[in-house]
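Colleague: Walk me through this model, please. I'll ask about packing, then the sheet, then the ligand.

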Amino acid sequence: ARNKNYLREMNAKKVYHPMAHPNDLEEHPPRIISRGEGVHLFDDDGRRVIDACAGLWNVNLGYSNQPVKDAIAQQLADLPYSSAFKGTTNEKLIELSDVLVDMLDQEDMRRVFFTSGGSDSVETALRLARQYWKLSGHVDRTKFLSLKRGYHGTHFGGASVNGNNVFRRVYEPLLPGCFHMPVPFDYRNMFNESDPSRLTDLCLAAIEDEIAFQGADTIAAFIAEPVLGAGGVIVPPETYWPKLRALLDRHEILLIADEVITGFGRAGAWFGARGWGVKPDMMCLAKAITSGYFPMGAVAVNERIETAFKANKDAMGVISHGYTYSGHPVGCAAALACLAETVRLDLPANAAREGDYLLSRFRSMMDTHEAIGNVRGRGLMMAMEFVADRKTKQPAGKTFMGAVGDAMFDAGMLVRIVGHNILLSPPLVLTRKDSDEIAAAMEAGLAKVSRGPAT
Ligand code: PLP
C-alpha cells in the first residue's frame with residue numbers, strides 16, 4: 001500500500017471533493033476508508049466505526065453481501081458491457097425490468113428506463129414529463145413545481161428543482177420555469193404552524209395559489225421526495241401526500257416521486273409513496289437498487305405515460321435521451337441480486353422496526369441534552385437537530401457541529417453533519433445489537449460536546 005503521507009498530500013493537492021472547499025482538505029483531511037465489513041468501516045489507521053450513513057443512504061445491505069458480489073463477478077466474466085441503445089439489449093436488463101415492474105405493480109408502473117444514478121433518473125423523469133405533454137398535444141406544459149429544501153441531484157434539471165440555495169447560487173442561471181413550494185416541515189416552516197393537518201392545508205393552499213398564478217396548463221409536473229432526505233430528513237404530515245396527489249389530479253399535473261433515497265425500504269415501506277398510500281406517475285430510483293455496489297438508477301413510468309408514448313407513432317415519441325450505461329449488464333445483475341436479498345431479508349420491515357427503536361432512544365436523549373431541538377425520522381432515515389435555544393430554535397453554530405461530528409467518530413460512529421443536523425441512515429440490515437451500538441455511540445458523543453445548549 002502507498003504510504004499515508006503520500007495519500008493525504010495527493011488528496012489535498014489533486015482532488016476536488018464533492019461538497020467540500022478544496023482549500024479545506026489540508027486542514028481537515030477526509031478520512032481514508034480502506035475496508036468495509038458488515039455495517040462497519042475501517043479507516044487506514046485501522047479504526048473501526050459503525051456506518052450510520054450507509055455510505056450516502058445507499059448501502060442498505062452493508063458491505064459484506066456475498067450474493068451481490070458474486071452476481072457482479074459472474075456478470076463481469078460473462079458480459080462486462082453491452083449497449084441498450086436501439087438495436088441491442090441484454091438478459092439481465094430484461095430480467096430486472098420484469099422484476100421492477102412487478103415490484104411496482106401496486107403503483108401501476110408499467111415500464112422502466114435505466115440510468116447511471118439518481119441525478120440521471122431525475123433528469124430522465126423531467127424530460128419524459130415534458131415529452132409526455134408534447135405527445136399529448138399540450139406543448140405549453142413545460143414548468144416544474146418542487147419543494148423548498150428538496151434535493152434532486154446535480155444535473156441542471158435537478159439543480160433547477162432543488163430547493164436549497166447552496167446547490168443553486170453559484171451555478172445559476174438554471175432552467176427557467178421552476179417554482180419552489182413551502183416545505184411541509186412541522187418543526188420549522190414559514191407559517192409558524194406546528195399542527196400537522198393545518199400545516200398540510202397551508203402548504204397545499206400555497207401550491208394551489210401558485211398553480212392559479214402560473215396557469216395549470218403551463219405546468220408539466222410536481223417533483224418531490226416522499227420523505228425529504230438531504231434537506232434534513234423532513235417527514236411530511238400524514239395527510240400531505242394524499243392531498244397533494246388529489247390537488248395535482250384536479251389540475252392534471254404529473255406527480256414525480258423522487259424515491260432515490262426512499263425506494264426499496266429505507267422509510268419503512270417498500271417505497272416512500274407506498275408508505276403514504278399514493279400512486280405517482282413516475283418514480284425516480286437509484287442508490288439502494290444496487291446497495292451502492294454499482295452505479296445504477298432507474299425511472300419507472302405508469303400507464304398514463306406509457307399510453308401516451310404508445311399512441312404516438314411518429315418521431316416525437318422516440319425517447320431521444322439515454323446514457324452509455326443505461327441498462328449496464330453488471331449494474332442490472334447487481335440490482336437483481338440486491339433486490340432478491342432485500343426481499344429475502346424483508347428489509348423494509350426491519351427498517352421500520354429498528355427506526356422506531358432508534359427514534360425512541362434518540363428522543364429520550366433530549367431529556368439530558370438541551371442542545372437537541374428536534375428528533376425526527378421515518379424508518380431508517382433520521383435526524384437530530386441542534387439548537388442554541390429551544391425556545392427560539394436558533395440553530396447550533398458551525399464550531400459546535402464540527403465538534404459533534406468529531407465526537408461521534410471518536411465514539412465509534414460515522415454520521416453525516418448537514419448544517420446543524422446529524423443525519424442518520426444506517427444500513428437496513430441493522431440488527432438490534434447494531435442499533436444499540438449506534439445509540440451508545442450517540443450517547444457517548446453527546447456526553448463529550450453537549451451538557452447545555454449548543455452555543
Ligand atoms: N434525488 C435524491 C432524493 C437524492 O437524495 C439524490 C442523492 O442523494 C439524488 C437525487 C441524486 O442522486 P446521485 O447522487 O446518485 O446522482
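Colleague: At what angle do helix α14 and α15 pack?

Modeller: This is a predicted model: local features need pLDDT of at least 70, side-chain atom pairs need pLDDT 80 or more, and totals for chains, interfaces and linings use all residues. Residues are numbered from 1 along each chain as its sequence is written. Helices are DSSP H or I runs of at least four residues, strands E runs of at least two, both numbered from the N terminus; axes are lines fitted to C-alpha atoms, for helices over the stretch in contact, with angles from 0 to 180 degrees between N-to-C directions. The axes of α14 (residues 398-410) and α15 lie 8 Å apart, at an angle of about 135°.

Colleague: Which class does that angle fall in?

Modeller: Under 35 degrees is roughly parallel, over 145 roughly antiparallel, 65 to 115 roughly perpendicular, and the rest oblique. The α14 and α15 pair is therefore oblique.

Colleague: Which residues of α15 meet α14?

Modeller: Contact puts C-beta atoms, placed from the backbone, within 7 Å. α14 brings F400, A403, V404, A407 and M408. Their partners in α15 are A441, G445, K448 and V449.

Colleague: Which are the edge strands of the open sheet?

Modeller: Strands pair if DSSP finds at least two bridges between them. The four strands run β1-β2-β3-β14, with mixed pairing. Pairing on one side only are β1 (33-37) and β14 (413-414).

Colleague: Which helix gives the largest share of the shell around the ligand?

Modeller: Near means a C-beta atom, placed from the backbone, within 6 Å. Among the 15 residues around the ligand, G117, G118, S119, G153 and V260 come nearest. The largest share, three residues, comes from helix α6.

Notes: Contact = placed C-beta atoms within 7 Å.
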